[in-house]
Amino acid sequence: MTEQLLSQDPGFARAADLLQSGEQVAFATETVYGLGADARNDTAVAGIYAAKGRPSFNPLIVHVGSKDIAQRYVVWSELADKVAEAFWPGPLTLVLPLRLETSISKLVTAGLDSLAIRVPAHPSAQSLLQVFDGPLAAPSANPSGRISPTTASHVMNGLNGKIAAVLDGGSCAVGLESTILDLTGHPALLRAGGISAEALETLLGQGVSLHHSATPGKVTAPGQLSSHYAPNASVRLNATEWHTGESRLGFGNVDCDLNLSETSDLTEAAANLFAHLHSLDRMNRPIAVSPIPETGLGMAINDRLTRAASPRQAVEN
């Protein structure tokens, strides 16, 4: 399969044509680049798993253009409406009960009776969804378990020849995957991401606990496997001093090869995280990372770094 790099105009029409014919197209969201396919087409969705090398037991997030469209596929609730009004469009995925009569492929849900769904805020993603006029299953557009892509070139480097096209939407502003909030029962934070736990707790009026790891043998939503977001190099966390031969990823006022944020700004650090990991990985040396505060977006940054540093096993992304 020959990969095309599409500019946004007239790329939206070409990308939509490819998606409607069952192909896979990568596109920018505010979080990371997603690898999109028609969520109603079994063969198209299977192509996502094949291109990424992703385990088929691992469900996918569906992207739609609006809250109203989301309600065609999931059982809505007052709580879901409250959260969606506050954070959609944006970097938040809701896990809700799947409607009994729905066109969503069972490969998307991995046979579960729930669906992970979100409304992206990136103008390029919104335009593509409007032209395509349907739900797009879209995990991050990279080989499974590797560093998530935040530019079109990251996608090209990882999936060249395996997908039909990349729609170039520039760099991703948030730079971390969406927060995943399970609303099938008591609210549970399944993955920290672009919306902080503190923001959710303020809205909900209650605490939310982070449960990103799956029960052994059981994955109930995207983003739950422990080994993930991994460079080829080993990763050492909470480094307060550097070892000889390491690539140094800093935070704050430290001497390093690349700095997530010299001013200790967690929003800037989140936006830089994956791009800097891509750059350091090309040095072919072990990577050491400065300590990151466990507050706000720091929770999501540490979540990604912890999984990047975990022993390599069955992975997902």
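This report describes selected strands, one helix, the largest pocket and a few backbone features of a predicted model.

Residues are numbered from 1 along each chain as its sequence is written, and side-chain values use heavy atoms, with hydrogens and water left out. Because the model is predicted, local features need pLDDT of at least 70 and side-chain atom pairs count only at pLDDT 80 or more, whereas totals for chains, interfaces and linings use all residues.

## Strands and their partners

Helices (H or I, at least four residues) and strands (E, at least two) are DSSP runs numbered from the N terminus, and two strands are said to pair if DSSP finds at least two bridges between them. The word buried stands for under 20% relative accessible area, exposed for over 50%, and partly exposed for values in between, with a 1.4 Å probe and protein chains only.

In a regular strand the side chains alternate between the two faces of the sheet. Strand β2 (residues 25-28) directs Val25 and Phe27 one way and Ala26 and Ala28 the other way, and all of these are buried. Strand β3 (residues 33-38) runs antiparallel to β2 and is joined to it by four bridges, with Gly34 as the bridge partner of Phe27. These two strands form a hairpin that has four residues between them. β2 is also joined to strand β8 (residues 165-167), in this case in parallel and by three bridges, and here Val25 stands opposite Ala165.

Strand β9 (residues 179-182) is likewise covered on both faces, since Thr179 and Leu181 on one side and Ile180 and Asp182 on the other are all buried. β9 pairs with strand β5 (residues 92-97) in the parallel sense over four bridges, and Ile180 of β9 has Thr93 opposite. With strand β10 (residues 188-191), β9 pairs in the antiparallel sense over three bridges, and Ala188 in β10 is the bridge partner of Asp182. β9 and β10 form a hairpin, with five residues between them.

## Helix α4 and Phe87

Which residues of helix α4 (residues 78-87) are buried? They are Ala80, Val83, Ala84 and Phe87. Seen down the axis of α4, these buried residues fall within an arc of 100 degrees, so they line one face of the helix; the arc is that of the directions from the helix axis to the C-beta atoms. Glu78 and Glu85, on the other side of α4, are exposed. The buried residues of α4 pack against α3 (67-70), β5, β9 and α8 (197-204), where contact means heavy atoms within 4.5 Å.

Phe87, found in helix α4, has a relative accessible area of 14% and therefore counts as buried. Leaving aside residues up to four places away in sequence, Phe87 touches Leu92, Ile195, Ala199, Leu200 and Leu203. The C-alpha atoms of Phe87 and Arg118 are separated by 9.9 Å, although these residues are 31 residues apart along the chain.

## The largest pocket

A pocket is an open set of points on a 1 Å grid over the protein atoms alone, where a 1.4 Å probe fits and protein lies on both sides within 12 Å along at least five of seven lines; lining residues have an atom within 4 Å of a point. The largest pocket holds about 270 Å³ of space, the volume being the space filled by probe spheres set on the points. Its lining has 14 residues, of which Ile147, Asn157, Asn232, His278 and Asp281 lie nearest its centre. The elements that give two or more residues to this lining are α7 (152-159) and α9 (266-281), and α7 gives the most, with three residues.

## Backbone features in loops

Pro89, in the loop between α4 and β5, is joined to Trp88 by a cis peptide bond with omega of about -10 degrees. Two residues other than glycine that have a positive phi are set out below.

| Residue | Phi | Loop | Relative accessibility |
|---|---|---|---|
| Asp133 | about 60 degrees | between α6 (123-132) and β7 (136-137) | 61%, exposed |
| Asn284 | near 60 degrees | between α9 and β14 (287-289) | 70%, exposed |
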